[in-house]
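Hi! Here is the structure I promised to pass on. Have a look at it first, and then read my notes below.

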Amino acid sequence: MTSAIPNQWIVVQRPAEVAGRRSEIARMAGWEIRDESGHWRVRTAESYRKQPPSLLTTRHIRESQFNFLGTLPEQASHLTASSSNSVTEELKRLRDKETLASEVARFQLVFLRTPTAQLPDAMRTFFSEAAKRLPQSELLVIDVARELSARYNLAKFLLTVELTPTQLPNDSLPVGSALTTGGIFAAELFTAPALLALAPYVVGVPASRARGAAVWLFGRPVAGLTFPTDQLIDTVRPTTDRLDGPRQRGGKNPPTATAEQTMAFFTWWTTQVNKVLSLATDPVNFADRASNVYCPVKHWQYLASIERLFRDVAETLADTEYHETAQLRAAYDALDTLDGMHHGAFDELVTPSRAARTLQKLRQDLPRDISEVALPICQRAVDALDKVKDGFTPTGTYYTPTGLAGLPGKKGPMDKTWDQATSLYLRRDRNSAHSFLKMDEWEKALLLSHNGTLPRGIAELAFLYLLDLVAHPDKIATKLR
């Protein structure tokens, strides 16, 4: 297992509220705990046993393995008699529509709302029918260990004990359930970027249930966006001409990834995310280095940040060639989150040479089948970033073949290479979320030297850098250290 500080025990100040419940918490969270005079010494069970983490486990459900679905807990609040009747009616309505979108909705509804005892047969029947539409369909289940949710909950519990102990409810021992998002509960948050890696095409769709997520891989990329849209609200949404370049929406220029490649990529992705989450939930990585005492504040901040990063990237991909202004904002948010997590300053991440180096390293390190799925969108982002300089007016006052020269700085004229000018321009574009009112003279000159149009694909830089972290979890370990 990758760990920032391997084979180390840390000190956790034991709350009085959990006195006598050490074994229960250790079992629930997958911790090894030693009780020592008012505090605990803690490390994860996988570190103690020198085993790989198993917070997320990908299971390929073949014909003989549907019975595994009978182990997934029911979400009892959904299974009342009245809701069962409405589900039956909705499933019939969806079946009658005979579109892929309605089949996807039916898949999600069947997986979520079917009682556990009936789930294997229900999903077996569904996939026998789905194979007629998409013969290379595959069903995967992402099995979420209860330790994952419990570790999130314990971080929040210990933080609450430290900051606002009066807010603790009676019998306050946390349970393994969702906290800040539904992603921890059913894993959709962490798998969504993989399913959207060929956006605006999708390679599969998720369905949620307690302690797991099902994924229907289509066996080929499917256009995820019809154009023109048939949603009434989209006819009112302001259009944007900020992004320019070729599109793939509406079935144009489909990707060529095969069923084998998409399966290999998705399996690789969940394996790597398992390593990322193991690092992010390991309390050892959030101990004060001087005192070796666990800091729940730092831990909770990091857990919330890693969730935010995955969410922002998923939103960026989902809005590809659709809501492009929202897509660019989500991408800027993702880059800001990476900046806050010390994985590169925003200005550095939007520098063309940095992005090109990141892509080159991924091309060297990733297996071919993974690269075939993951890297086309990254290449598009790098190419788009390199073309930002084309928006600077060649007849402008400051334009030169190698960059901008003579920008009016406070200490005299400034010269900027295209690498620097691109980064500075995108930083000012991102800062415009706070208005354009407070700007220095050189910033005004920089903005007015550009036509304001950005190359389509630039927002996908967010996926490039998330992919780099997922491919190299040791970078997370290094930053935590």
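**What I found**

Let's start with Arg 151, which you'll find in helix α6, the helix covering residues 146-163. Keep in mind as you browse that this is a predicted model.

Is Arg 151 buried or exposed? Its relative accessible area is just 2%, and buried means under 20%, so Arg 151 counts as buried.

Which residues does Arg 151 touch, leaving aside those up to four places away in sequence? The list is Ala 29, Gly 30, Trp 31, Thr 44, Glu 46, Leu 55 and Thr 281. Gly 30 deserves a second look: its backbone oxygen is reached by the side chain of Arg 151 at 3.1 Å. Also try finding Ala 280, which is 129 residues away from Arg 151 along the chain, while the C-alpha atoms of the two are separated by 9.7 Å.

Now scroll on to the strands β9, β10 and β11. Strand β9 takes in residues 399-400 and strand β10 residues 403-409; the two run antiparallel and are joined by two bridges. To see how they line up, find Thr 400, which sits opposite Gly 403 in β10. Getting from β9 to β10 takes a hairpin of two residues.

Next comes β11, made of residues 412-417, which pairs with β10 in the antiparallel sense over five bridges. Here Leu 407 is the one to click on, with Met 414 of β11 standing opposite. A hairpin links β10 to β11 as well, through two residues.

While you have the strands on screen, remember that in a regular strand the side chains alternate between the two faces of the sheet.

Have fun exploring!

Note on methods
Residues numbered from 1 in each chain as written. Predicted model: local features only at pLDDT ≥ 70, side-chain atom pairs only at ≥ 80, totals over all residues. Heavy atoms only, no water. Pairing = 2+ DSSP bridges. Helix = DSSP H or I, 4+ residues; strand = E, 2+ residues; numbered from the N terminus. Buried < 20%, exposed > 50% of the residue type's maximum accessible area, 1.4 Å probe, protein only. Contact = heavy atoms within 4.5 Å. Polar contact = N/O pair within 3.5 Å; in protein donor to acceptor, adjacent residues only side chain to side chain.
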